[in-house]
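Please explain how the cysteines of this chain are paired and how its nonpolar residues are grouped. Go through the structure step by step.

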Amino acid sequence: MNRVVLFFLIAASLFLGVGCSNSERVTSSNDSDAYFTQDTLDGMIRVQMKNASISLGTNDRYAKSDERPQMQVSLDYSFSIGRHEVTCKEFNSLMHSATKLVLDCDGSNFPATDLTFYDAVLFANERSKAEDLDTAYTYIHAYFDNQKHCTSLEGFAFHPEVNAYRLPTEAEWMLVARSNWDPAFAWTADNSDYKLHKVCSLADTSTIVCDMLGNAMEWVNDWLGYFRDTTVVNYVGAPDGGSFGQRIVKGGSYKNTSESITSYGRGDVYMVTSSTRADYVGFRLAYGSIPNAVWIAADGNAATTRVVPLVHSTKLRSLAGTYKAKLAFRNELTGNIAYVDYSMVNLTVTEIVDTIDAYHPDISPDGSKVAFCTGLEGISGKSKLYVRNLDVEGSNLVQLDVESAAIPRWRVSRGDTVIVYVTDAGNNADESSFKGASTWQVKFENGKFGKPQKLFDGAYHGGISDDNLLAVSGARVLRARSARPGARTASDINELVWYNGEQACNVSLAKDKSKRTLFLDFGGETGQKFVGKKYRTHERLLVTDSGGDLIQTVAAPKGYTFDHSEWASGDSGLVVATLTNTKGAHQKIALVHLADSSIVELMEGDDLWHPCLWVKPRHFVRDGIKLDLDSAGIYFNEWGGEAAAILRYKMELLWKYWDTANVVIMGSSRPLDGVNPSLLDKKFFALNMAHVPNMMASSDYLMTNYVFPHVTNLKYVVISLDIDMWYRSEKTESNFFYKEYKNYPGYVYDRDHKFWVPRAPDELVYLTEESMGAESYFSNFVETRGFNPADPSTWESKPSVENDSTWMSERSAYYYANMKHLKNILTQAKEKDVYVIGVIFPQSPGYKKTGALGRYGIRRSEAPKLLKELNDLSKEYPNFVFWDENQMGDHDYTDEMASNKDHLSYLGAKQLTLRLNAKLKKLK
């Protein structure tokens with residue numbers, strides 16, 4: 001049977017849902033390590049492999065940093081992939097009953113688009129369940145927006161070992177695309193009329209898999225991570241998406257020219273996260289398990305296992321009262337300290353890779369450092385004590401220069417930050433051995449240890465109270481060094497054995513004023529009498545009062561026992577502990593809320609030890625100002641996208657500098673990257689409030705409701721006039737303040753309180769600072785006052801036009817709606833005697849050869865008239881200054897001053913900002 005006839009039969013069977021044998025073969029002409037066969041799974045093609053290899057990324061120095069360097073991936077398994085993207089008909093038939101999400105499409109055979117990554121995941125799970133299969137994705141709870149789109153899956157985990165429907169990995173997608181990459185049979189901006197088309201509508205009889213290039217851009221399975229110059233077998237991406245939870249989309253869409261779409265491309269115009277949606281992004285399914293899957297972490301190390309966060313930050317905040325919390329623990333598989341920062345949008349497990357075998361981590365009172373030792377509770381011997389920064393590198397590592405130091409515990413004593421430690425943490429059942437060790441304290445300041453000071457004999461490594469009148473220890477028996485009744489000094493002390501001398505371990509003294517002691521036992525008689533029934537070793541947490549009497553007990557979840565129990569910092573009444581399965585592996589880390597004995601599972605992995613939870617102390621709201629702490633200043637949450645993340649820090653700037661700033665910069669990503677407040681003269685204190693995505697309606701909203709009412713010394717507004725983007729309706733996702741803002745309670749709370757006119761509560765800045773953010777990406781906005789410095793690259797010599805340049809003839813109403821918002825800003829500015837400088841930012845000179853003004857179109861022939869209309873606004877508004885730095889492409893911004901085709905690098909920002917400075921100085 002020849003290839004053409006065979007493929008016709010395959011295609012017919014797929015579209016008609018007829019199952020066939022896998023015996024027939026359709027081999028791609030340029031692949032010797034992979035070939036395609038019929039599949040019994042409806043709509044799927046089987047990809048058969050034998051030591052297949054594919055290159056991910058590129059070595060092109062002008063490519064994005066997350067696309068470099070090129071990495072080789074070998075795949076030693078076969079899998080199935082959808083011949084085309086999942087269609088609207090397919091999606092709606094499964095999801096209308098599962099999640100109530102029904103897409104409104106132009107036709108049933110069009111790609112299903114405008115979907116989050118999690119929408120695609122849920123579809124894959126539903127198809128698996130419909131065919132009586134296990135699911136490749138698990139989660140604890142699903143969150144949906146008011147349009148029924150899934151925005152987050154709490155406890156989300158991908159299980160590559162499961163035979164089920166899923167999204168293809170980037171490596172799988174690339175392998176298939178290599179054999180099916182033909183611009184002649186792709187819907188791109190060159191032929192699409194800037195709209196979606198039916199799947200496979202350009203396919204011919206030789207097309208094995210349709211629309212890998214163009215039509216709908218596609219989600220793939222992987223978190224976005226960085227490549228390494230190496231070869232990886234069965235690569236499945238990064239273990240997580242970093243602090244912002246970035247995802248990968250592939251293949252370009254109908255909006256991109258075929259010339260601008262590369263197979264190695266991994267992103268879109270803006271940052272892509274799991275909750276991102278766009279009407280040009282869809283997905284196709286894959287099927288099959290991935291044996292011995294390998295993840296590459298941010299540190300470049302390969303791993304075959306992961307540690308998976310199981311709850312969102314919001315859940316922890318509901319218990320701890322703040323997002324400012326960090327969890328550190330030992331990964332027993334590697335011996336390294338790992339940590340999670342709950343103030344981040346995406347809970348990334350960061351492991352500090354080192355050769356030091358690290359036990360018993362304890363986080364410093366300010367949350368910035370971690371102390372740990374090389375000795376283990378219950379084991380005698382020498383131990384070293386270290387402190388390092390709690391960051392990716394574990395920087396500023398310092399060692400305490402003593403013979404032996406174990407079980408470090410931070411505390412603040414008489415205003416000094418100190419570490420308490422013991423010389424030996426071995427078995428304390430024998431009195432003489434216990435007394436042979438001692439407890440010490442050492443000051444830690446400016447990254448250095450002070451001189452150690454002996455506190456007393458005996459290894460009291462369970463903690464010391466603030467007043468030094470109680471110390472506890474447990475590594476076989478529960479010992480206490482306790483003040484006699486009425487004692488006021490540490491000299492009047494009893495040395496006691498609590499709990500009737502029965503076996504106890506993992507002793508921890510509360511870090512509040514209660515002097516409660518937490519410990520685990522071995523199912524002892526005293527504990528069983530208190531509980532009222534028998535229980536197994538470590539099956540219960542036990543709590544005593546300050547005198548050693550039992551006051552509380554909490555049972556471990558069914559099928560688990562506790563280990564490594566520790567009080568969380570502060571007065572939260574929280575306890576962290578590991579949960580040990582029946583095989584002895586410390587599989588999970590759990591949070592126990594003693595107020596109601598509830599247990600929340602925080603983390604899951606192969607073997608996790610010695611958890612330590614740091615919670616930043618909360619400041620109380622002052623003088624009767626009653627703000628809703630679940631709403632005030634909460635401008636971001638776990639499923640927030642790039643726009644919300646950027647604006648969260650812009651709002652912090654606003655509330656922090658409302659009475660200082662006299663210049664505010666508004667607009668899109670062009671001024672975000674293009675105006676540097678620090679380069680202006682000192683008399684101009686500027687806030688860069690620009691954000692993405694942006695249109696004039698969102699700038700108008702911010703100016704009307706926040707900037708004009710609250711920036712009391714405002715004299716100048718600088719705003720981008722991005723007229724090539726004015727084809728958008730304000731009733732779209734391009735206007736953050738049309739719908740998306742309602743997902744974040746801070747904005748709704750502000751609106752419901754009339755935006756705090758005439759004056760916002762002083763606590764609002766503190767609550768905004770304390771709220772969740774994406775610090776590793778955008779916290780620099782606070783330091784730069786909102787400026788995003790971009791690396792130098794080049795103006796693209798052949799820039800693509802990502803919209804129909806003739807749109808003005810059909811969408812002029814949208815253009816003039818944007819103009820109306822600009823006029824509203826100018827009117828308010830005029831009333832307040834504020835100057836407005838409207839800037840046309842430079843774009844690639846290459847657009848002079850395209851027939852378009854810039855990236856998003858407008859005919860070059862139309863542009864002069866529109867630019868003149870803007871310039872003429874100064875006649876009606878004498879406070880308005882029109883400033884064209886693009887000059888139809890004839891500007892003097894060199895290649896190194898560009899970061900891409902329509903954005904400036906920090907070098908270009910320097911030139912533009914210095915010119916802006918000169919303009920501001922001339923205005924009176």
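The paragraphs below take the cysteines and then the nonpolar cores of this predicted model.

A disulfide is a covalent bond between the sulfur atoms of two cysteines. Taking sulfur pairs within 2.5 Å as bonded, the count comes to two disulfides. With bonded cysteines counted along the chain, their pattern is 1-2, 3-4.

One of the links is formed by Cys88 and Cys105, whose sulfur atoms are 1.8 Å apart. The angle about its S-S bond is -85°, and the link is left-handed. Cys88 belongs to helix H2 (residues 88-98), while Cys105 sits in the loop between H2 and helix H3 (117-130), so the bond ties together parts that are 17 residues apart in sequence. Burial at the two ends can be given as well. Cys88 is buried, at a relative accessible area of 2%, whereas Cys105 is partly exposed, at 26% relative accessibility.

The other link joins Cys200 to Cys210, with an S to S distance of 2.2 Å. Here the angle about the S-S bond is 105°, and the link is right-handed. Cys200 and Cys210 both lie in the loop between helix H4 (170-178) and strand S12 (217-223), 10 residues apart. Both Cys200 and Cys210 are buried.

Next come cysteines outside these links. Why does Cys373 have no bond to Cys612? Cys612 holds the cysteine sulfur closest to that of Cys373, but the distance is 12 Å, and a bond is ruled out because this is too far. Seen from the other side, Cys612 is in no disulfide, and its nearest cysteine sulfur is that of Cys373, 12 Å away. Cys373 is buried, with a relative accessible area of 0%. Cys612 is buried too, with a relative accessible area of 4%.

The nonpolar residues are the remaining topic. In soluble globular proteins, nonpolar side chains tend to be buried together. In this model, the largest nonpolar core has 85 residues. Trp655, Tyr747 and Leu870 have the most contacts inside this core. Helix H8 (residues 642-657) supplies the largest share of the core, 11 residues.

What does Leu870 touch, not counting residues up to four places away in sequence? Its partners are Leu721, Ile723, Trp726, Met819, Leu822, Ile840, Phe880 and Phe882.

Separate from this core is a second one of 79 residues. Among the members of the second core are Ile45, Leu224, Ile248 and Ala293.

Terms used: Residues numbered from 1 in each chain as written. Predicted model: local features only at pLDDT ≥ 70, side-chain atom pairs only at ≥ 80, totals over all residues. Heavy atoms only, no water. Helix = DSSP H or I, 4+ residues; strand = E, 2+ residues; numbered from the N terminus. Buried < 20%, exposed > 50% of the residue type's maximum accessible area, 1.4 Å probe, protein only. Core = buried A, V, L, I, M, F, W, Y, C linked by side-chain atoms within 4.5 Å. Contact = heavy atoms within 4.5 Å.
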